[in-house]
Amino acid sequence: MRLKLDIDPDIVAMMAAEVAAGERAVTAAMREAGTGLKSAWRLQITGAGLGTRLANSIRSQNFPRSGESLDAAALVWSKAPVIVGAHDTGPLIRSKDGFWLAIPLPAAGKSLRGGRITPGEWERRRGLRLRFVYRRTGPSLLVTEGRLNTKGQAVVSRSKTGRGKVTAPIFLLVPQVKLPKRLDLARDADRTLNSVPGLIVANWVEGRL
């Protein structure tokens, strides 16, 4: 017995149309998912008080970069992964050399490079020496003798009489710091992942209308 199969051109066209619709739906769904996750992570970061600069480090990229595919994907990442990751996990931070972590106090001011100033940079800039003060019941200190300017920062005292001269705490010294967990990026990632099937269906149905 010999069978002959004739494929209706209309069926071929319908199958091709379904594949094309699927490619559009998957690509659109992944684009929405990636954009949504990027927005959610940025909102988390600003909501935690970490600033728009760190929030804007969250980026997204769609694949393929052009065209449509059933294998479409979205990548969401941070250009500052160490900082974002630290706030996401709340790690225990210790000094690299096994000594102290120096936490600048308001009298220390800011680093010229932005962020926290180090004791070495502080001494070079201020022209003052820091003195170690050990405390049994609290963090030890690095202090200096000088005066406080209008910004509350310690500077060299020019007074010959010693008027206005104070012993100002500049740094707290601690053996380790537990960074508080301020983000939960996995929560938003899981929500986005769970939403993908619905997004694909919604875009597939919309493409038919």
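Modeller: Before we begin, one definition: Ala, Val, Leu, Ile, Met, Phe, Trp, Tyr, Cys and Pro count as nonpolar, Asp, Glu, Lys and Arg as charged, and the others, Gly among them, as polar. Please also keep in mind that this is a predicted model.

Colleague: With those classes in hand, how do the residues of the lining of the largest pocket divide?

Modeller: They divide into 13 nonpolar, two polar and two charged. The pocket has a volume of about 580 Å³. Its lining comprises 17 residues, and Ile93, Ala102, Ile103, Arg116 and Leu179 are those that lie nearest its centre.

Colleague: Which elements each supply at least two residues of that lining?

Modeller: They are α3 (81–89), β4 (101–104) and β9 (176–178).

Colleague: Where does the largest pocket lie with respect to the domains?

Modeller: The domain assignment gives domain 1 (14–90 + 181–207) and domain 2 (93–178). Both domains give residues to the lining of the largest pocket, so the pocket lies between them. The C-alpha centres of the two domains are 44 Å apart.

Colleague: How is empty space found in a model?

Modeller: Rolling a probe the size of a water molecule over the atoms shows where empty space is left. In this structure, the count comes to one cavity of 30 Å³ or more. The largest cavity has a volume of about 30 Å³. Thr27, Met30, Arg31, Asn62, Phe63, Pro64, Ala72 and Ala73 line the cavity. Two elements, α1 (9–47) and β1 (58–63), give two or more residues each to this lining. Of the elements, α1 gives the most, with three residues. By class, the lining of the largest cavity has five nonpolar residues, two polar and one charged.

Colleague: What is to be noted about the peptide bond from phenylalanine 63 to proline 64?

Modeller: The general idea is that most residues other than glycine have a negative phi, and most peptide bonds are trans. Here the bond from phenylalanine 63 to proline 64 is cis, with omega near 0°. Proline 64 is found in the loop between β1 and β2 (73–78). A further backbone feature is glycine 127, which follows α4 and has a positive phi, near 70°.

Colleague: Which residues of helix α4 are buried?

Modeller: In general, an α-helix has 3.6 residues a turn, so residues three or four places apart point the same way. In helix α4 (residues 119–126), the buried residues are Glu121, Trp122 and Arg126. Seen down the axis of α4, these buried residues fall within an arc of 110°, so they line one face of the helix. They pack against β6 (140–148), β7 (154–155) and β8 (166–174).

Colleague: Is threonine 192 buried or exposed?

Modeller: The cut-off needed here is that buried means under 20% relative accessible area, and exposed over 50%. Threonine 192 has a relative accessible area of 15%, so it counts as buried. This residue is in helix α5 (residues 185–208). When its neighbours within four places in sequence are left aside, threonine 192 is in contact with Ala33 and Leu37.

Colleague: And how does proline 81 count, as buried or exposed?

Modeller: Proline 81, in helix α3, counts as exposed because its relative accessibility is 54%. Position in sequence and position in space may also be read together: proline 81 and isoleucine 58 are 23 residues apart in sequence and 9.1 Å apart in space, C-alpha to C-alpha.

Methods: Residues numbered from 1 in each chain as written. Predicted model: local features only at pLDDT ≥ 70, side-chain atom pairs only at ≥ 80, totals over all residues. Heavy atoms only, no water. Buried < 20%, exposed > 50% of the residue type's maximum accessible area, 1.4 Å probe, protein only. Helix = DSSP H or I, 4+ residues; strand = E, 2+ residues; numbered from the N terminus. Arc of directions from axis to C-beta. Contact = heavy atoms within 4.5 Å. 1 Å grid on protein atoms, 1.4 Å probe; cavity = no way out; pocket = protein on both sides within 12 Å on 5 of 7 lines; lining within 4 Å. Points joined across faces, edges and corners; volume = space filled by probe spheres on them. Domains from an automatic or database assignment.
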